[in-house]
Amino acid sequence: MKIISEATPDFPYQLRTWTSTESIDSAGKVDEPAKAWNRAVIQGFHGAEPEEQAQEKIVASIAKDQQQIYAIYPSEIRPGSLPATDPVATYSSFVGTLNVGEALLATDMITAVTVRPSHRRRGILSRMISTDLTAAKEQGVPMAALTASEATIYGRFGFGEANRYRSITVDTSLGFALRSAPVGTVELAPADTAGQVQAELFKSFHAATFGSISRPDHYRAMVSGEWTFDNPERDSKVRVAVHYAVDGSIDGYLSYKHLGYQSQPVTLEVIDLLALNPQAYLALWQFLADVDLSSAVNWDGAPANDPLLWALADSRRYKVNREVDSLWLRPLDIPVLLNARRYFGAGQIVLKVNDRLNLAAGRFALTVRDGKGHTEVLSAEGPADIEMDVAALGSLYLAGVSARTLWEAGRLDFGTEAAAVELFDEIFRTPVQPVSRTDF
Ligand SMILES: CC(=O)SCCNC(=O)CCNC(=O)[C@H](O)C(C)(C)COP(=O)(O)OP(=O)(O)OC[C@H]1O[C@@H](n2cnc3c(N)ncnc32)[C@H](O)[C@@H]1OP(=O)(O)O
């Protein structure tokens with residue numbers, strides 16, 4: 001445990017940090033600061049207070065990710081209020097990877113951000129996030145990422161929405177049909193094997209999918225119904241199905257549950273779905289539609305450009321309940337991340353990037369040839385073809401949105417030459433939309 005900063009009159013809080021592996025001994029026992037930190041996280045997201053055994057499972061999982069824990073403690077405790085050992089704010093980060101084409105880019109993945117309601121809007125999140133982003137930058141991690149509880153929080157810290165996902169309901173009642181016959185076979189598998197199947201499939205999915213970001217360890221427990229942060233008890237209603245390709249290899253899987261006969265219409269909920277190819281994806285949907293005693297399927301994780309809609313014989317069976325931001329990206333080292341990305345266009349452009357936190361600001365000349373980028377750092381002052389806030393670059397980096405759209409949205413200077421906007425889009429265009437299947 002390390003004290004990063006002591007309380008001052010302006011900021012009457014102490015900021016501490018430790019690595020998650022420090023909190024658990026060889027017998028699996030969890031230390032008191034980690035328990036109090038977990039309780040604070042769960043309170044922050046309005047979950048049920050975890051029992052001792054649940055604490056051990058959660059901390060062991062966080063330790064596998066090697067999460068760096070941040071905790072804020074108040075300098076003044078009122079009699080009868082929560083004790084001094086309970087943090088008023090929590091934050092955690094760990095280094096994962098982001099698929100940027102051929103390369104997997106090291107990325108600071110931020111999670112478990114909470115501030116106790118009685119201490120909110122006093123700059124606590126600002127202190128924790130600027131500390132973490134600075135540390136990540138110093139350690140040479142070129143990108144930061146998160147998935148957000150609200151879309152209004154992180155733009156000010158330089159994060160931009162990089163892609164979106166859909167919450168969908170598909171009507172699988174009598175008459176459901178796909179336009180093509182399913183390929184391969186789907187079989188039920190024991191729920192307790194789901195964690196392993198998921199981990200193996202995700203490895204291949206992550207390596208092959210532009211925009212995919214690593215998964216934290218707790219996915220193993222969630223997809224098998226073992227535990228979730230919301231519910232530390234086993235959910236024995238979770239079922240698992242596996243797709244076998246024609247050659248017998250496993251190339252897709254599904255974790256799902258029946259929501260009960262009181263759901264109207266009687267509904268299956270997809271907990272996780274991974275498919276390594278379109279045939280596996282459609283065959284898993286045909287399987288879901290074929291499950292008797294249900295007539296709808298909900299999935300809170302469909303891609304924004306979902307081929308299922310186009311595969312349905314009756315596309316009106318596909319209902320989008322909402323489409324929201326998924327991954328948020330925050331550039332930290334612009335030359336490194338521009339050079340790491342795979343390109344499908346070509347050209348030369350000078351970008352000026354503004355950054356309120358002064359972590360990534362500058363002027364950069366990017367030259368792209370044969371799919372590779374080369375970035376030269378220029379002096380800060382001088383002309384640029386296109387100027388943007390670092391959050392806009394977070395959105396544009398994976399081409400989940402075009403510069404043209406951001407320009408029309410007033411997110412780039414309206415005075416930017418149309419030719420520069422077109423050039424940016426020509427260089428950054430991709431044949432596929434970025435897809436991530438990770439909520440963290
Ligand atoms: C990656 C994740 O873990 S996402 C989960 C985020 N956590 C939650 O949603 C749990 C419930 N909410 C909270 O715990 C807190 O309200 C937090 C973490 C969102 C914000 O923490 P705070 O300490 O209040 O933020 P802080 O005081 O540093 O605010 C910084 C700025 O962001 C603004 N801000 C903070 N939260 C929000 C919000 N939810 N919506 C809009 N603006 C916000 C503040 O007004 C402030 O603006 P300013 O710089 O113009 O004055």
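Start at the contact between two domains: twelve residues of domain 1 touch eleven residues of domain 3, counting heavy atoms within 4.5 Å. The model is predicted.

**Domains**

Colour the chain by its domain assignment. Select 2-147 for domain 1, 165-327 for domain 2 and 333-428 for domain 3. Now place C-alpha centres on domain 1 and domain 3. They lie 32 Å apart.

**The sheet 18-17-16-19**

Stay in domain 3, which spans 333-428. Select strands 16, 17, 18 and 19. These four strands form an open sheet, in the order 18-17-16-19, with mixed pairing. Go to the edges next. Strand 18 is 372-378 and strand 19 is 386-389; each of these edge strands pairs on one side only. On average, neighbouring strands of the sheet are turned by 30° against each other, direction ignored.

Zoom in on strand 16, residues 347-354. In which sense do strand 16 and strand 19 pair? The pairing is parallel, over four bridges. Pick L351. Opposite L351 stands I386, in strand 19.

Now add residues 418-428, which are helix 11. This helix lies across strand 16, strand 17 (362-369) and strand 19. Look along strand 16: helix 11 runs at about 105° to this strand.

**The second largest pocket**

Turn to the second largest pocket. It holds about 970 Å³ of space. Its lining has 39 residues. Select P303, N305, Q433, P434 and V435, the lining residues closest to the pocket centre.

Which elements give two or more residues to this lining? Show them in chain order:

- strand 7 (160-161) and strand 8 (164-171)
- helix 4 (194-208) and helix 6 (278-290)
- strand 13 (296-303) and helix 10 (403-408)

Switch back to the domain colours. Domain 2 and domain 3 each give at least three residues to the lining of this pocket. Then colour the lining by residue class. The split is 22 nonpolar, twelve polar and five charged residues.

**Two backbone stops**

Keep helix 6 and strand 13 on screen. L293 sits in the loop between them. Check its backbone: phi of L293 is near 60°, a positive value in a residue other than glycine.

Next, select Q264 and P265. Is the peptide bond between them cis or trans? The bond from Q264 to P265 is cis, with omega near -10°. P265 belongs to the loop that links strand 11 (250-258) and strand 12 (267-275).

**The cavity**

Finish in domain 1, residues 2-147. How many cavities of 30 Å³ or more are there? The count comes to one. The largest cavity holds about 70 Å³ of space.

Show its lining as sticks: W18, S20, S23, A34, W37, N38, V59, I62 and I69. Two helices each supply at least two of these residues: helix 1 (32-44) and helix 2 (52-64). Which element gives the most? Helix 1 does, with three residues.

Colour these residues by class as a last step. Six are nonpolar and three are polar. The lining of the largest cavity has no charged residues, whereas the lining of the second largest pocket has five.

Methods. Residues are numbered from 1 along each chain as its sequence is written. This is a predicted model: local features need pLDDT of at least 70, side-chain atom pairs count only at pLDDT 80 or more; totals for chains, interfaces and linings use all residues. Side-chain values use heavy atoms; hydrogens and water are left out. Two strands pair if DSSP finds at least two bridges between them. Axes are lines fitted to C-alpha atoms, for helices over the stretch in contact, and angles run from 0 to 180 degrees between N-to-C directions. On a 1 Å grid over the protein atoms alone, a cavity is a set of points where a 1.4 Å probe fits but cannot get out, and a pocket is an open set with protein on both sides within 12 Å along at least five of seven lines; lining residues have an atom within 4 Å of a point. Grid points are joined across faces, edges and corners, and a volume is the space filled by probe spheres set on the points. Ala, Val, Leu, Ile, Met, Phe, Trp, Tyr, Cys and Pro count as nonpolar, Asp, Glu, Lys and Arg as charged, and the others, Gly among them, as polar. Domain bounds come from an automatic or database domain assignment.
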